[in-house]
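Open the model in your viewer and start with a plain cartoon. We will go from the whole fold to single side chains, one selection at a time.

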Amino acid sequence: MLGDISDAANIYIITGYTDMRKSIDGLCAIVMAQLREEPDGHSIYLFCGKRCDRIKVLLREPDGYVLLYKRYKYCIYNHHFTTL
């Protein structure tokens, strides 16, 4: 099923502010730079931008990558937790 995260064994929160204009290739490059590993099929990666009401989720499926984008009505996280 497209975007099924129920098989994810690991959840990585990528710290710092992410440019939310980045697409799959840009987010994969961030994962490889920060974690020094390629995104795998057993993990999901969460990215937060400067606006606290939006997140992106990157996951890998056997046939490619899926990028999920969620915009909430209200702020869902505190910026103090997203700094390096």
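On this tour, two residues are in contact, or touch, when heavy atoms of theirs lie within 4.5 Å. Please keep in mind throughout that this is a predicted model.

**The whole chain**

Colour by secondary structure and you will find one helix and four strands. Starting at the N terminus, the order of elements is β-α-β-β-β. The protein has 84 residues, and 33% of them are buried. Now show the molecular surface: the accessible area is about 5900 Å², with 55% of that belonging to carbon and sulfur atoms. Among contacts between residues at least 6 apart in sequence, 51% join residues at least 24 apart.

**The sheet**

Select the strands next. They form an open sheet of four, ordered E1-E2-E3-E4, and the pairing is mixed. Which strands stand at the edges? They are E1 (10-14) and E4; each has a single partner strand, so one side of each is left without a neighbour in the sheet. Look along the sheet and you can follow the turn from strand to strand, which averages 20° between neighbours when direction is ignored.

Zoom in on E1 and E2, which pair in the parallel sense over five bridges. To find one of these pairings, pick Ile 11, whose bridge partner in E2 is Ile 44.

Then move to E3 (residues 54-61) and E4, an antiparallel pair with eight bridges. A hairpin of two residues links E3 to E4. Label Val 57 here, and you will see Leu 68 of E4 opposite.

**The nonpolar cores**

Show side chains for Ile 14, Leu 27, Cys 28, Ile 30, Val 31, Tyr 45, Phe 47 and Leu 58: these eight residues are the largest nonpolar core. Helix H1 (24-35) and strand E2 (43-48) are the elements that each give two or more residues to this core. H1 gives the most, with four residues. Apart from this core lies another, of six residues, including Ile 44, Ile 55, Leu 59 and Val 66. As background, nonpolar side chains in soluble globular proteins tend to be buried together.

Stay with Tyr 45 for a moment and display what surrounds it. Beyond four places away in sequence, Tyr 45 touches, among others, Tyr 12, Ile 14, Val 31, Leu 35, Pro 39, Val 57 and Leu 58. Glu 37, Glu 38, Asp 40 and Lys 56 are also among the residues that Tyr 45 touches.

**Tyr 65 and its neighbours**

Select Tyr 65, which is found in strand E4 (residues 64-71). Is this side chain's residue buried, exposed or partly exposed? Tyr 65 is partly exposed, because its relative accessible area is 29% and that class runs between 20% and 50%. Leaving out residues up to four places away in sequence, Tyr 65 touches Ile 24, Cys 28, Pro 39, Leu 58, Leu 59 and Arg 60. Draw a distance from Tyr 65 to Cys 28: C-alpha to C-alpha they are 9.4 Å apart, with their positions 37 residues apart in sequence.

**The cysteines**

Finish by selecting Cys 28 and Cys 48. Cys 28 is buried, with a relative accessible area of 6%, and Cys 48 is buried too, at 8%. How many disulfides does a search of the whole structure find? The count is zero.

Notes: Residues are numbered from 1 along each chain as its sequence is written. This is a predicted model: local features need pLDDT of at least 70, side-chain atom pairs count only at pLDDT 80 or more; totals for chains, interfaces and linings use all residues. Side-chain values use heavy atoms; hydrogens and water are left out. A disulfide is a pair of cysteine sulfur atoms within 2.5 Å. Buried means under 20% relative accessible area, exposed over 50%, partly exposed in between (1.4 Å probe, protein chains only). Accessible areas come from the Shrake-Rupley method with a 1.4 Å probe; for residues, only the protein chains shown count as cover. A nonpolar core is a set of buried Ala, Val, Leu, Ile, Met, Phe, Trp, Tyr and Cys residues joined through side-chain atoms within 4.5 Å. Two strands pair if DSSP finds at least two bridges between them. Axes are lines fitted to C-alpha atoms, for helices over the stretch in contact, and angles run from 0 to 180 degrees between N-to-C directions.
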